[in-house]
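Colleague: Hi! Could you walk me through this one? I'd like to start with what sits around the DNA.

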Protein chains: 2
Amino acid sequence: MKYASELLKGTTKNLILAVLSGGELYGYQIVKAIREQSGEELEFGEGSVYPALHALERDEYLSSHWVPQDGSPDRKYYTLTPKGKLVLKAALLEWKSFSGAVGKVFENVALLVRAG
Amino acid sequence: MKYASELLKGTTKNLILAVLSGGELYGYQIVKAIREQSGEELEFGEGSVYPALHALERDEYLSSHWVPQDGSPDRKYYTLTPKGKLVLKAALLEWKSFSGAVGKVFENVALLVRAG
DNA sequence: GTATATGCCTCTCATTGTGAGGTATAAGGA
DNA sequence: TCCTTATACCTCACAATGAGAGGCATATAC
């Protein structure tokens, strides 16, 4: 991992909702979508993503359906529910506000570090 | 709390190091410093901050000393160690990179949400 | 008398990312 | 032939950590 794993906590589910806003994807594809859309910076293990997907479906932010494949493992496609879209919108605003607040605190430091 | 608590995970210790870059502070003061410097957006409970301070001192990112007070509780002041300053610098870079990566994924969504 | 502020601490609880393991098929190279 | 890699799903034990409640003590204010 490129980042301290704790940073991801709380962001994982929102990232999943985010990449699903473009249309349905299956689990394995979601991992790759996040990796690619983040510019190869964010990388999730399957042990993080599958449990997260189950929780999101349990909370009715996602719905899923199986699509059998020939000669390769079956795929479970996930789609945002209306409830999930609302949660995603809220998560985007929350992230913007949160990262801005953290940024404010860190800005002060940058000055001091440069100064001394 | 204004934010989902999971968002704070992994950021708490870095925020503490950050506000201490301006000079030594005691625990109670650190909570207020983060609240103020974040524009009243970030609020930590004592149950989060004190254990974090102990961990940071255990890892030698901080050192501390008691200062007795008259008629009010004694204060435990914390100071960044050289090791702590290095960790802080790394944390700032990590945050910048991490928040940028999350931002990339979320940008794609914003377009889609607005579109439909 | 009761609440609020100061200032430290500890404890349990729930959440969640990691990493390893399991299952199964197919394609490629040594 | 054998081994690795890729696909695609899953579970489980582990560690980190923020929340919230509780404890202790003093001082001020209503």
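Modeller: Happy to. One bit of vocabulary before we begin: Ala, Val, Leu, Ile, Met, Phe, Trp, Tyr, Cys and Pro count as nonpolar, Asp, Glu, Lys and Arg as charged, and the others, Gly among them, as polar. Also keep in mind that this is a predicted model.

Colleague: Thanks. How do the residues of the surface near DNA strand C divide by class?

Modeller: That surface has eleven nonpolar, twelve polar and six charged residues.

Colleague: And which residues are the closest to DNA strand C?

Modeller: Of the 29 residues that surround strand C, the closest are Thr12(A), Gly47(A), Tyr26(B), Gly27(B) and Tyr28(B). From chain A, helix 1 (5–8) and helix 4 each give two or more residues to this surface, and from chain B, helix 3 (27–37), helix 4 and strand 3 (75–80) do so.

Colleague: Which residues come nearest to DNA strand D?

Modeller: There the nearest are Tyr26(A), Gly27(A), Tyr28(A), Thr12(B) and Gly47(B), out of 30 residues around the strand.

Colleague: Which elements supply at least two residues there?

Modeller: In chain A they are helix 3 (27–37), helix 4 (46–58) and strand 3 (75–80), and in chain B they are helix 1 (5–8), helix 2 (12–19) and helix 4 (46–58). By class, the surface near strand D has eleven nonpolar, twelve polar and seven charged residues.

Colleague: Let's switch to helix packing. At what angle do helix 2 and helix 4 of chain A cross?

Modeller: Their axes come within 10 Å and cross at roughly 75°. Angles of 65 to 115 degrees count as roughly perpendicular, so helix 2 and helix 4 of chain A are roughly perpendicular to each other.

Colleague: Which residues make the contact?

Modeller: Helix 2 of chain A brings Thr12(A), Lys13(A) and Ile16(A), while helix 4 of chain A brings Ser48(A), Ala52(A), Leu53(A) and Leu56(A). Sorted by class, the contact has four nonpolar, two polar and one charged residues.

Colleague: Tell me about Ala52(A). Is it buried or partly exposed?

Modeller: Ala52(A) counts as partly exposed, because it has 19 C-beta neighbours inside 10 Å, and a residue needs 20 or more to be buried. Leaving out residues up to four places away in sequence, Ala52(A) touches Thr12(A), Lys13(A) and Ile16(A).

Colleague: How many residues apart in sequence are Ala52(A) and Thr12(A)?

Modeller: They are 40 residues apart in sequence, and their C-alpha atoms are 7.7 Å apart in space.

Colleague: Now the strands. How does strand 3 of chain A pair with strand 2 of chain A?

Modeller: Strand 2 (residues 62–67) and strand 3 of chain A run antiparallel and are joined by six bridges. Val67(A) stands opposite Arg75(A) of strand 3. Strand 1 (residues 25–26) of chain A also runs antiparallel to strand 3, with two bridges.

Colleague: Who is the bridge partner of Tyr26(A) in strand 3?

Modeller: That is Tyr77(A). Tyr26(A) also came up earlier, among the residues nearest to DNA strand D.

Colleague: Last topic: backbone oddities. What is the phi of Glu40(B)?

Modeller: Glu40(B) has a positive phi of about 65°, although it is not a glycine. Glu40(B) lies in the loop between helix 3 and helix 4 of chain B and counts as exposed, because it has 10 C-beta neighbours inside 10 Å.

Colleague: And where is Glu60(B)?

Modeller: Glu60(B) is in the loop between helix 4 and strand 2 (62–67) of chain B. Its phi is positive too, about 65°, and with 12 C-beta neighbours inside 10 Å Glu60(B) counts as exposed.

Technical notes
Residues are numbered from 1 along each chain as its sequence is written. Chains are lettered from A and ligands numbered from 1 in the order in which they are written. This is a predicted model: local features need pLDDT of at least 70, side-chain atom pairs count only at pLDDT 80 or more; totals for chains, interfaces and linings use all residues. A residue is near a molecule or strand if its C-beta atom, placed from the backbone, lies within 6 Å of it. Helices (H or I, at least four residues) and strands (E, at least two) are DSSP runs, numbered from the N terminus. Two residues are in contact if their C-beta atoms, placed from the backbone, lie within 7 Å. Axes are lines fitted to C-alpha atoms, for helices over the stretch in contact, and angles run from 0 to 180 degrees between N-to-C directions. Angles under 35 degrees count as roughly parallel, over 145 as roughly antiparallel, 65 to 115 as roughly perpendicular and the rest as oblique. Two strands pair if DSSP finds at least two bridges between them.
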